Amino acid sequence: MDSDSLTYKKLIQDIGNIIDPSIPTHTNLGNVSALIKSRFNWFWVGFYKVEKSELILNAFQGPAACVRIPKGNGVCGKAWSENKSIIVEDVDLFEGHISCNPASRSEIVIPFKNSNDEIVYVLDIDHDQKNAFNKIDEMNLKTINKLIVPIL
Ligand code: SME
């Protein structure tokens, strides 16, 4: 097993151990984003919450970020509107990319769904290098979504 697989295995175990349905969702998501960011030392890790026709910044780790993203806008709004994960190898080549920080060079965005299979959050992860994310990341981050359904 390579180092990333081992890191994800331990990360998923630790997330499973730390989430608590008796506390507010944003508190749980704060811990989830902190664990993800610390294990891979990514530039920015955070959740946008679905609020009517827009995404509103929720728990995150990293520099200050855009607060509102209309449905369909940017990588996050597109992932939400098209109900799909998006891996952006180079943010400069993604039409409509929303730059919250010029240091962000690549990105992965995963719609997070609840027990009714409704998109309720979008997980956004930024890296300061191009081509930082791949299908292994997508698969493991989707596993984390399934794991935390009880607190969404
Ligand atoms: N780049 C995202 C906006 C969120 S910031 O990266 C945290 C987008 O295009 O939706």
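Helices here are DSSP runs of H or I with at least four residues, strands are DSSP runs of E with at least two, and both are numbered from the N terminus. Keep that handy, since the tour uses these labels at every stop. One more thing before you start clicking: this is a predicted model.

**Stop 1: the sheet**

Switch to a cartoon view and colour the strands. You should find six of them in an open sheet, in the order β3-β2-β1-β6-β5-β4, with antiparallel pairing. In general, strands of a sheet pair through backbone hydrogen bonds, either parallel or antiparallel.

Which two strands stand at the edges? Select residues 68-70 for β3 and 86-88 for β4: each has a single partner strand, so one side of each has no neighbour in the sheet. Now turn the view and look at how the strands are angled. Neighbours in this sheet are turned by 25° against each other on average, ignoring direction.

**Stop 2: β1 and its partners**

Select 44-51, which is β1. Six of its eight residues are buried, so the rest of the structure largely encloses this strand.

Add 54-61 to the selection. That's β2, and β1 pairs with it in the antiparallel sense over six bridges. Try picking out facing residues: Val50 sits opposite Leu55 of β2, and Lys49 has Ile56 of β2 as its bridge partner. The two strands make a hairpin with two residues between them. Click on Lys52 in that turn and you'll be on a residue with a positive phi, about 55°.

Next, show 119-127, the strand β6. β1 and β6 also run antiparallel, joined by six bridges. One facing pair to look for is Gly46 with Asp124 of β6.

**Stop 3: helices on the sheet**

Select α2, residues 25-40. It lies across β1, β2 and β6, and runs at about 60° to β2.

Then go to α3, residues 74-82, which packs on the sheet and touches β1, β2, β3, β4, β5 and β6. Its direction makes about 35° with that of β5. Which residues of α3 are buried? Gly74, Val75, Cys76, Gly77, Ala79 and Trp80 are, and the buried residues of this helix pack against β1, β2, β3, β4, β5 and β6.

**Stop 4: the loops**

Step just past α3 to Asn83. This residue belongs to the loop between α3 and β4. Its phi is near 50°, a positive value in a residue other than glycine. Is Asn83 buried, partly exposed or exposed? Its relative accessible area is 42%; buried means under 20% and exposed means over 50%, so Asn83 counts as partly exposed.

For another positive phi, jump to Asn131, in the loop between β6 and α4. Its phi is near 55°, and again the residue is not glycine.

Now pick Phe94, in the loop between β4 and β5. At 18% relative accessibility, Phe94 counts as buried, because the cut-off is under 20%. Show what surrounds it: leaving aside neighbours within four places in sequence, Phe94 contacts Gly74, Val75, Lys78, Ile86 and Val88. If you draw a C-alpha to C-alpha distance from Phe94 to Gly74, you'll get 8.6 Å, for two residues 20 apart in sequence.

**Stop 5: the nonpolar cores**

In soluble globular proteins, nonpolar side chains tend to be buried together. To see that here, show side chains for Ile15, Ile36, Leu123, Ile125, Ile144 and Ile148, which touch the most other members of the largest nonpolar core, a group of 26 residues. The elements giving two or more residues to this core are α1, α2, β1, β5, β6 and α4. Which one gives the largest share? That would be α2, with five residues.

Zoom in on Ile148. Neighbours within four places in sequence aside, its contacts are Ile15, Ile19, Leu29, Val32 and Phe112. Then look for a second, separate core of 20 residues, including Val50, Cys76, Ile86 and Val109.

**Stop 6: the ligand**

Finally, select the ligand and the 13 residues surrounding it. Which are the closest? Cys76, Ile98, Cys100, Glu107 and Asp126.

Try three distances here. A polar side-chain atom of Asp126 is 2.8 Å from a ligand oxygen. An N or O atom in the side chain of Glu107 is 2.9 Å from a ligand nitrogen. Back on α3, a polar backbone atom of Val75 is 3.0 Å from an oxygen of the ligand.

Definitions and conventions: Residues numbered from 1 in each chain as written. Predicted model: local features only at pLDDT ≥ 70, side-chain atom pairs only at ≥ 80, totals over all residues. Heavy atoms only, no water. Core = buried A, V, L, I, M, F, W, Y, C linked by side-chain atoms within 4.5 Å. Buried < 20%, exposed > 50% of the residue type's maximum accessible area, 1.4 Å probe, protein only. Contact = heavy atoms within 4.5 Å. Pairing = 2+ DSSP bridges. Axes fitted to C-alpha atoms, helices over the stretch in contact; angles between N-to-C directions. Near = heavy atom within 4 Å. Polar contact = N/O pair within 3.5 Å; in protein donor to acceptor, adjacent residues only side chain to side chain.
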